[in-house]
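Thanks for coming. I have one model to go through today, and I will put it on the screen now.

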Amino acid sequence: MHRHLGKVVAGAAVAVTGTAVMVGITLPGTAEAGAGRAARAGQQKEVAALPPAQVEEAPEEGDKGVGRDPLTDGELRRAEQIASGAAQLTGGRDVEGGRGVEHLATNLGELSPDESAGASVPRRAELTYYDYKTDALITKTVDLAAGEVVATDTQKGVQAPASREENREAVELLLKSPLSADLKKDYKDATGKALTEAGQLQVHSMIFRSAAEAPAPGALGECGRHRCVRLFPKVVNGPWIDARDLIVDLSSRSVGRLS
């Protein structure tokens, strides 16, 4: 794949079909070959007689998980409700600049060294947020049984994977930038339609840090301290488009190009 901005990357999938030909050799005066054919015929009949597959409904999810079960929908809602009242969260800014920090993910909390996995271990949820007002990653640990936040950790210069909402906002910022001209042109070449909104693309992303990766010009030198993403856009049900040279700084709401 040539490293050229905006080139549509078309992957050609080559399917190789192997046809197995079974050759039966019958020697004069032997019965083994005939017996083998009979056995194979019996196996074919047995396979043909298998009943059709049964589709069963997923078991009903309880309100609470047990042990190291994944968090249930009820536990996710409860954890977010418990954590959301903290002044640290309501006083921050989200990816669009609105009031309140950006929620990234909620996961089952890790066990401490003196805890062993089992049905009786406490159920904790770890919620991660990004505050665009202070460029800080915030992690809150909620004890679901006690109904309270038991730990808070705030770090700067640490970046968690981008959320779906952040990817969408990054695409919207990119489409408003003059640097998206090649991307829009290649989308038009691939689909015959104009690229005007984020919903026309499927997008994956990676956090970009200027110090650890390619040298970044100008304001992109802040990436790492700022929250920056490199996008990998794909036409919905279509080809990928190479836009790896474009970096979106979600903190400054700007777009830059790597040299």
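How many bridges join β7 to strand β9, residues 246–249? Three, and the two strands run antiparallel. Before I go on, the conditions. This is a predicted model, in which local features need pLDDT of at least 70 and side-chain atom pairs count only at pLDDT 80 or more, while totals for chains, interfaces and linings use all residues. Residues are numbered from 1 along each chain as its sequence is written, and side-chain values use heavy atoms, with hydrogens and water left out.

First, the chain as a whole. Its secondary structure comes to five helices and ten strands; these are DSSP runs numbered from the N terminus, helices being H or I of at least four residues and strands E of at least two. Of the 259 residues, 35% count as buried, where buried means under 20% relative accessible area, exposed over 50%, and partly exposed in between, with a 1.4 Å probe and protein chains only. The chain exposes about 16000 Å², and carbon and sulfur atoms supply 53% of that; the areas come from the Shrake-Rupley method with a 1.4 Å probe, and for residues only the protein chains shown count as cover. Among contacts with a separation of 6 or more, 56% are between residues 24 or more positions apart, a contact being heavy atoms within 4.5 Å.

Back to β7, which covers residues 228–235. Two strands are said to pair if DSSP finds at least two bridges between them. Besides β9, β7 pairs with β6, residues 201–207, in the antiparallel sense over seven bridges. For the register, Leu-201 has Val-235 of β7 as its bridge partner, and Val-229 has Val-248 in β9. Seven of the eight residues of β7 are buried.

One residue of β7 to look at is Arg-230. Is Arg-230 buried or exposed? Its relative accessible area is 14%, so Arg-230 is buried. A polar atom of the Arg-230 side chain lies 2.9 Å from the backbone oxygen of Arg-244.

At the start of β7 there is also the disulfide. The structure holds one, between Cys-223 and Cys-228, with the sulfur atoms 2.2 Å apart; the cut-off for a disulfide is a pair of cysteine sulfur atoms within 2.5 Å. The torsion about the S-S bond is about -85°, so this disulfide is left-handed. Cys-223 counts as buried because its relative accessibility is 4%, and Cys-228 because its own is 1%.

Next, the open sheet. It has four strands in the order β2-β3-β4-β5, with antiparallel pairing. β2 (102–108) and β5 (148–156) stand at the edges with a single partner strand each, so one side of each has no neighbour in the sheet. The twist averages 20° from one strand to the next. Helix α2, residues 73–84, packs on this sheet and touches β2, β3, β4 and β5; its direction makes about 55° with that of β3. For that angle, axes are lines fitted to C-alpha atoms, for helices over the stretch in contact, and angles run from 0 to 180 degrees between N-to-C directions.

Going across the sheet, β2 and β3 (124–131) pair over six bridges, and His-103 stands opposite Tyr-129 in β3. β3 and β4 pair over eight bridges, with Thr-139 of β4 as the partner of Thr-128. They form a hairpin with four residues between them, and Asp-135 in the turn has a positive phi of about 50°. β4 and β5 also pair over eight bridges, and Leu-137 stands opposite Gln-155 in β5. This hairpin too has four residues between its strands, and here Gly-147 in the turn has a positive phi of about 70°.

How many of the eight residues of β4 are buried? Eight. In a regular strand the side chains alternate between the two faces of the sheet. In β4 both faces are covered: Ala-136, Ile-138, Lys-140 and Val-142 are buried on one side, and Leu-137, Thr-139, Thr-141 and Asp-143 on the other.

Last, Ser-180, in the loop between α4 (164–176) and α5 (181–191). Its relative accessibility is 1%, so Ser-180 counts as buried. Leaving aside neighbours within four places in sequence, Ser-180 is in contact with Leu-174 and Leu-175. Leu-195 is 15 residues from Ser-180 in sequence, and the C-alpha to C-alpha distance is 9.9 Å.

Conventions. A polar contact is a pair of N or O atoms within 3.5 Å; within protein, one must be able to donate a hydrogen and the other to accept it, and residues adjacent in sequence count only if both atoms are side-chain atoms.
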